[in-house]
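Subject: A structure for you to explore

Hi there,

Here is the structure I promised to pass on to you. Please open it next to this email and look up each residue as you read.

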Amino acid sequence: MNRLRRRRGTSVAPPVTLPDDDDLLSEILLRLPPRPSSLPRASLVCKRWRRLVTDPAFHRRFRARHRNPPLIGVFEDYLGYPFFRSVLDPPDLIPRERFRLRLAEDEGGQWRFYGCRHGRVLLFNRAKNEILVWVPDTGDHRRVAVPPEIDGKEKIIWNGAVLSAANADDGFSSCPFKVVLVGVAGNNTQMFACVYCSESGKWSDLISVAAPFLVFFFRDPGILVGHALYWMASGDHGSTILQFDLDDQTPAVIEWPSDSDPNCYTQTWLTEGDCLRVATFSRGSLQMWERKVCSEGVAKWVLQKTYELKNVLNPEIRLNVEYVTKLGYAQDIKVMFVWAAHSVFMLQLDSLQAKKVWESCVIAPIHPYAILSKEGKKSEASPDNILLVNEMLAV
């Protein structure tokens, strides 16, 4: 005899829906990763989402939550031609053509790359004795003639830096910026600096400081630490550091760590407390130096750590550690770009983990680029800005 079992009636729960609350939805959208595609793709979901992610107040909160700007790519300085290369994977990969400086291509590779900061690129044309400040994500650019007293003979420009004024918006019309150029004079016995201010449209007078030895050139782009810029200068007796205080516009010379290799590949970077640190990268080892003030009130270099790269790097670099060459440095995220074994790697200095990003037989300087900046302030969001990023990403 078959027994029929009666099944209890079950009620299907209605689907859970989010409350119709803009504040709650904004909190969810704030937690999107700070990748270039996140907000543009969110803006395509519906009109409500688009309204929220293009609100200026939302963008201020989004920047505050994600402090460091994402590194979207690098500019390779190859024979005077700046080529953009994305370091992100789809859907965040930005095509090279989106950041193409046709002006430099049309003028035959005469532009020397001096670095990127606050979403801007600084280049120098030695033949025309002028600088170019370029915003790749908008295409805006400004050409400025260098002071005539810098003639390229008695006074020679070797490097520079561009930075936004504090609490300024993006774009040349509303965002003041400064350019600092550094070079050598007096038959290589002096180092000088001069400052261009976009608000006044004028250059400052040349400010000089005596070099500790004959200085021939400045190696690597300038590094911003607190309210000062730093460059490594090389000459007939090794290396030294030129410091330029942005507040009172005065240069100073800082000695190089005496126990380090003067011919090493180096870079300074910002750490907690605005301390000046130097990484010496040479002959298969990585040394971390920090400048500290001792009890006598004298600043000295102190060796913090030494790493044998063959013991800490991943196998792709380990076998070729003696042939590692530094190409560039992303200060905000402490990532060094290095070349080894016909490939370019991203080396994270905190973890000493390396990631292969592309293969290359060419050893060319690399300048990391981020659209948003930690110090500089991006223009407030608008539908036009969202569409711009959508176009760059080809969403």
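Below is what was found in it, from the whole chain down to single residues.

Please keep in mind from the start that this is a predicted model.

**The chain as a whole**

The protein chain has 395 residues, and 49% of them are buried. It contains 8 helices and 24 strands. Among contacts with a separation of 6 or more, 49% are between residues 24 or more positions apart. The chain exposes about 20,300 Å², and carbon and sulfur atoms supply 50% of that area.

**The cores**

Which residues have the most contacts inside the largest nonpolar core? They are I72, F75, V87, V121, F337 and Y369, in a core of 29 residues. Several strands each supply at least two residues of this core, including β1, β3 (111-117), β4 (120-125) and β5. Later in the chain, β20 (325-330), β21 (335-340), β22 (343-348) and β24 (366-369) do so too.

I72 is a good place to zoom in. Not counting residues up to four places away in sequence, I72 touches P36, F84, S86, V87, L88, I94, F99, Y369 and I371. Apart from this core lies another one, with 27 residues, and M232, V278, F281 and L347 are among them.

**A nonpolar patch on the surface**

Nonpolar residues also turn up on the outside. Y78, L79, F83 and V362 form a nonpolar patch on the surface, and together they have about 360 Å² of accessible area. You can find Y78 in strand β1, which covers residues 73-78. Y78 counts as partly exposed because its relative accessibility is 36%.

**Salt bridges**

Side chains of opposite charge can pair when their charged atoms come close. How many salt bridges does a search of the whole structure find? It finds 13. Here are three to look up.

- D22 and R48: their side chains meet in a salt bridge, at 3.0 Å from N to O. This pair links distant parts of the chain, with D22 in helix α1 (residues 22-30) and R48 in helix α3 (residues 47-53), 26 residues apart. D22 has 27% relative accessibility, so D22 counts as partly exposed. R48 is also partly exposed, at 25%. Have a look at R51 as well, since D22, R48 and R51 are linked in a network of salt bridges.
- R143 and E130: the closest N and O atoms of this salt bridge are 2.5 Å apart. R143 lies in strand β6 (residues 141-145) and E130 in strand β5, so the pair ties together parts that are 13 residues apart in sequence.
- K356 and E359: the side chains of these two meet in a salt bridge as well, at 3.1 Å from N to O. K356 is partly exposed, with a relative accessible area of 31%, whereas E359 counts as exposed, at 59%.

**A closer look at E130**

Is E130 buried or exposed? E130 counts as buried, because its relative accessibility is 13%. Its partner R143 is partly exposed, at 33%. E130 sits in strand β5, which runs over residues 130-134. Leaving aside neighbours within four places in sequence, E130 is in contact with W111, L123, F124, N125, R143, V144, A145 and V146.

**S198, a serine in a loop**

Where does S198 lie? It is in the loop between β9 (190-197) and β10 (202-203). S198 is buried, with a relative accessible area of 13%. Beyond its neighbours within four places in sequence, S198 is in contact with R142, C175, P176 and F177. For F177 there is a distance to look at: its backbone nitrogen lies 2.8 Å from a polar atom of the S198 side chain. You can also find V144 from here, as S198 and V144 are 54 residues apart in sequence and 9.6 Å apart in space, C-alpha to C-alpha.

If you would like a route through the structure, start at I72 in the largest nonpolar core, go on to the surface patch with Y78, then visit the salt bridge between R143 and E130, and finish at S198 in its loop.

Enjoy exploring, and best wishes!

Definitions and conventions:
Residues numbered from 1 in each chain as written. Predicted model: local features only at pLDDT ≥ 70, side-chain atom pairs only at ≥ 80, totals over all residues. Heavy atoms only, no water. Patch = residues over 30% accessible without salt bridge, like charges linked within 9 Å, V, L, I, M, F, W, Y side chains within 5 Å. Areas by Shrake-Rupley, 256 points an atom, 1.4 Å probe, with all protein chains shown as cover. Salt bridge = Lys/Arg side-chain N within 4 Å of Asp/Glu carboxyl O. Helix = DSSP H or I, 4+ residues; strand = E, 2+ residues; numbered from the N terminus. Buried < 20%, exposed > 50% of the residue type's maximum accessible area, 1.4 Å probe, protein only. Contact = heavy atoms within 4.5 Å. Core = buried A, V, L, I, M, F, W, Y, C linked by side-chain atoms within 4.5 Å. Polar contact = N/O pair within 3.5 Å; in protein donor to acceptor, adjacent residues only side chain to side chain.
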